[in-house]
Each structure stands twice: as C-alpha cells, then as structure tokens.
Amino acid sequence: MANPAITKYGIVGIGMMGREHLINLHHLRHHQNLAVVSIADPHPPSRLLAVELAKSLNWDDLNVFSNHEELLESETCDVIVVSSPNMTHHRILMDVIAYPKPHHVLVEKPLCTTVADCKEVMEAAKRRSDHMVVQVGLEYRYMPPVAKLIERVRGGEFGDVKMVAIREHRFPFLVKVNNWNRFNVNTGGTLVEKCCHFFDLMRLFASANPVSVMASGGMDVNHKDEVYDGKVPDIIDNAYVIIEFDNGCRGMLDLCMFAEGSKNEQEISVTGHIGKGEALVPEGIVRFGSRAEGREHVQTIKAEDERIKYEGLHHGSSYLEHLVFLSAIRGEGRAAVDLEDGLMAVAMGVAAQLSIQERRYVSMDEVL
Ligand SMILES: NC(=O)c1ccc[n+]([C@@H]2O[C@H](COP(=O)([O-])OP(=O)(O)OC[C@H]3O[C@@H](n4cnc5c(N)ncnc54)[C@H](O)[C@@H]3O)[C@@H](O)[C@H]2O)c1
C-alpha cells in the first residue's frame, strides 16, 4: 500500500496533556508518517516547555501561536488536538468546526463542561458535509486490561451484564496552569471532569444507555486550605454514584481522591448472569470466572498490547488512542469514541453532580 501523505498536527493547549500528546506523536511519527507542526497556548511558560520538548525530539521548526484562532488561520495543520482546559473546549471546537478548511479533531475529555455545549458542538459537526473526524479522548477504553475485559464482555462470556462496579481510588487532583481545575465552573465538576471516563466505560460494558442517576459525595479532605483569588475550591473529592441503564443493568462508581495508600488506581468488575470479569490498573491484571466453575477456576492473566511503543502517563492508552484516530482520519476505520459518546459521558456526570446537589434521583431525561 502506498505511504499516506504526511499528516500535520497542531496542538491547542500545550500543558501537561498537550505535551503528553506531543511525545506520543513523536513515538508514532516514523511508521505513521506524521509531524507536529504547530502549537497554540496563551501561557508563555507552557509554550517554552513545549518548544524545548519539541527540540529535544528533533522537531525544531514548530509554529508557535498564542491562541487557536491564529493557529487555524495559519492553515498549517490537517489535524488539531484540543488539550486546553475543559471550559475552553466548546469555543475552540465551535471555531475549528466552523473554519472553512476542514480539520480532524481529537478533543480531550470531557467533550465540554455542559450538556448544552456538547449538543451545540454535535449539531455544528453534523452540518459539515466534508470528511471531518471528531474523536473524544475517552482513552481508558484502550488501557490493555480494560480493553481485554471489554473484548470478553462483548464475546458474551459472562452472559447478560447485570452489574458494573468501578472503583477509582487515587491521589488528589494535580496542580494545573492557573489552577483551573479547582472550580466546578471550569471543570464541569469532578464527576464530569474525571469520571466521564468511567461513565463511558459503564455504557460500553452495559451496552445500554443510562436512565437515572443517584449520587452522594463531598469535598471532605482535599483542597480545604487552598484559596485562589479569595475563593476556596468547590470540587468534590469523593463520591458514590449509582446508575440504572435502560436494559436493567446497574452501574456503581466508588471515587476516592485521598487514597494514595491503594495498590490499584482503578478496579473494575463486570458481572453477568453466567460469570464475572475484573480489570485492575495499574497492576495490568484481568480475572475471569464463571458461576458454574467457581473460585478455583478463576483465571488471572496479565494484559499487554504489543502495539504500544510508549506507555506515557496512561499505560499506553494515549498511544493506542492516536493509532485508532489515525485510522479513522485515513478512512481505514471510524472514530472509536464519537461525539454521542462524549455527550453521554458528560451528561451522566452532570446528572450525578445534580443528584449530589439536590439530594435526589435524577432522570437522564432531565439533563439531556
Ligand atoms: N485523558 C486523560 O486522562 C487526561 C488527563 C489529564 C488531562 N486531561 C484533559 O486535558 C486537558 C488539559 O489538561 P492538562 O492537565 O494538560 O492541564 P494544564 O493546566 O497542564 O494545561 C492546559 C494548558 O492549556 C492552556 N490554555 C488555557 N486556555 C487556553 C486556550 N483558550 N487555548 C489554548 N490553550 C489554553 C494553558 O495555558 C495550559 O498550558 C483538560 O481537558 C483535561 O481534562 C485528560
């Protein structure tokens, strides 16, 4: 097959995750014929770090802009990776989608911070008649143990999935540029910002859509002694969320962000009427068992994916996400995580935040 033309990338928002994308793209550059040609970020220290990083990777002639409008107008890119703070995604996506020259887009999760903004982006993308792939960065699907569990669930090994329990026990939110992640208004709330990953996985495992959400949570340990411009953060650091799906499946999220003393960060269990599967991250272990064969026959395997050339911050999932995205933009596959997936993951988070605020069940119809 002929080598495809070089695919030119621009990265909008070149903080921690933007630089992570830069390194991933570097690891893909030779066998995938691509280059990062432009970056845009209003924060000079982020731009400087990115330029130094690019130089160290032998990407010397980067175009550097202070905002996405200038990057768009430069018409230097075929693809734009949006890795700016959550509250900026909506404006940037609307501008990219409306721009006359088409760009494929990989937008970091969450798609936007509100359901209305996600819908507006979806409508705008639908109006484009040219080939424009917009993929959402819900990359936990690609972590090898999670991907292995998805494969087994889809193969029907556990029967009809009845319960999906996801525990994330981890360290607190990191410090971000201008502390944008300390306030719900910027992030959409912890259950949107962080947990959209898990709501996306629940939909995949359940193979269904959510109908109602009930949650309890609070900011009980972290960030209480932090003050930014006179304001104390309002982001919750722990929650339980219960979701009911339209096929009768139930999901439960157990989030704790003061759990550094935990061996795994994510523990996922999926139980059907025949059997049960579990995925453990970062141990990289998957377990499978059946009701008929019982505990003695539970299999434990180490999940690996030999396509991964760079593990990075997320166990190789960003690398695989880029591979899938590249196939979609080259017409060899479809966007694996589309705008509908992005919207639903945000909507479940919004419903959970509302449930905590109003101390009641929230139906998905209310938020959608
Ligand atoms: N996939 C994942 O698991 C994962 C992990 C971390 C972060 N993220 C997402 O990545 C995005 C960025 O997070 P981060 O951790 O890199 O934050 P960060 O604060 O480290 O970096 C954000 C960068 O965006 C820049 N920025 C701010 N406004 C901008 C604008 N209007 N246009 C362009 N750049 C702008 C900031 O100056 C900063 O350099 C967020 O949406 C976050 O939710 C995803």
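A residue counts as near the ligand here if its C-beta atom, placed from the backbone, lies within 6 Å of the ligand. This briefing concerns a predicted model, in which 27 residues surround the ligand, with Gly13, Gly15, Met17, His43 and Ser46 coming nearest. The chain is divided into domain 1 (7-139) and domain 2 (140-310 + 338-367), and each of these two domains supplies at least three residues to the shell around the ligand.

**Annotated regions**

- An unreviewed UniProt entry lists "domain: Gfo/Idh/MocA-like oxidoreductase N-terminal" for residues 8-134. Helix accounts for 47% of this span and strand for 20%, and the C-alpha atoms at its two ends lie 16 Å apart.
- The annotation "domain: Gfo/Idh/MocA-like oxidoreductase C-terminal", also from an unreviewed UniProt entry, covers residues 151-363. In residues 151-363 the helix content is 26% and the strand content 28%, with 30 Å between the end C-alpha atoms.

**Surroundings of the ligand**

- By class, the shell around the ligand consists of 13 polar, 8 nonpolar and 6 charged residues.
- Helix α1 (residues 16-32) provides the largest share of this shell, namely 3 residues.

**Contact between the two domains**

- The C-alpha centres of domain 1 and domain 2 are 26 Å apart.
- Contact between the domains involves 25 residues of domain 1 and 26 residues of domain 2. On the domain 1 side, the elements that give two or more residues are α1, α5 (115-127) and β6 (134-137). The greatest contribution to that side is made by α5, with 6 residues.
- The side of domain 1 that touches domain 2 comprises 14 nonpolar, 8 polar and 3 charged residues.

**The parallel sheet**

- An open sheet is formed by 6 strands with parallel pairing, in the order β3-β2-β1-β4-β5-β6. The edges are taken by β3 (63-65) and β6; each has a single partner strand, so one side of each is left without a neighbour in the sheet.
- On average, and with direction ignored, neighbouring strands of this parallel sheet are turned by 20° against each other.
- Strand β5 (residues 104-108) is joined to β6 in the parallel sense by 4 bridges. Val107 has Val136 in β6 as its bridge partner.
- Strand β6 thus appears under two topics: it is an edge strand of the sheet, and it gives residues to the side of domain 1 that touches domain 2.

**The mixed sheet**

- A further open sheet contains 9 strands in the order β14-β13-β12-β11-β7-β10-β9-β8-β15, and its pairing is mixed. Its edge strands are β14 (299-302) and β15 (362-363); since each has a single partner strand, one side of each is left without a neighbour in the sheet.
- Within the mixed sheet, β7 (residues 161-169) and β10 (residues 250-256) pair in the parallel sense over 7 bridges. Arg167 is placed opposite Asp254 in β10.

**Helices on the mixed sheet**

- Helix α6 (residues 144-154) lies across four strands: β7, β11 (266-272), β12 (275-281) and β13 (285-290). The direction of α6 is at about 165° to that of β12.
- Helix α11 (residues 339-358) packs on the sheet and touches β8 (210-218), β9 (238-245) and the edge strand β15. Between the directions of α11 and β8 the angle is about 50°.

Conventions. Residues numbered from 1 in each chain as written. Predicted model: local features only at pLDDT ≥ 70, side-chain atom pairs only at ≥ 80, totals over all residues. UniProt positions renumbered as here; feature names shortened; annotations may be inferred. Nonpolar A, V, L, I, M, F, W, Y, C, P; charged D, E, K, R; others polar. Domains from an automatic or database assignment. Contact = placed C-beta atoms within 7 Å. Pairing = 2+ DSSP bridges. Axes fitted to C-alpha atoms, helices over the stretch in contact; angles between N-to-C directions.
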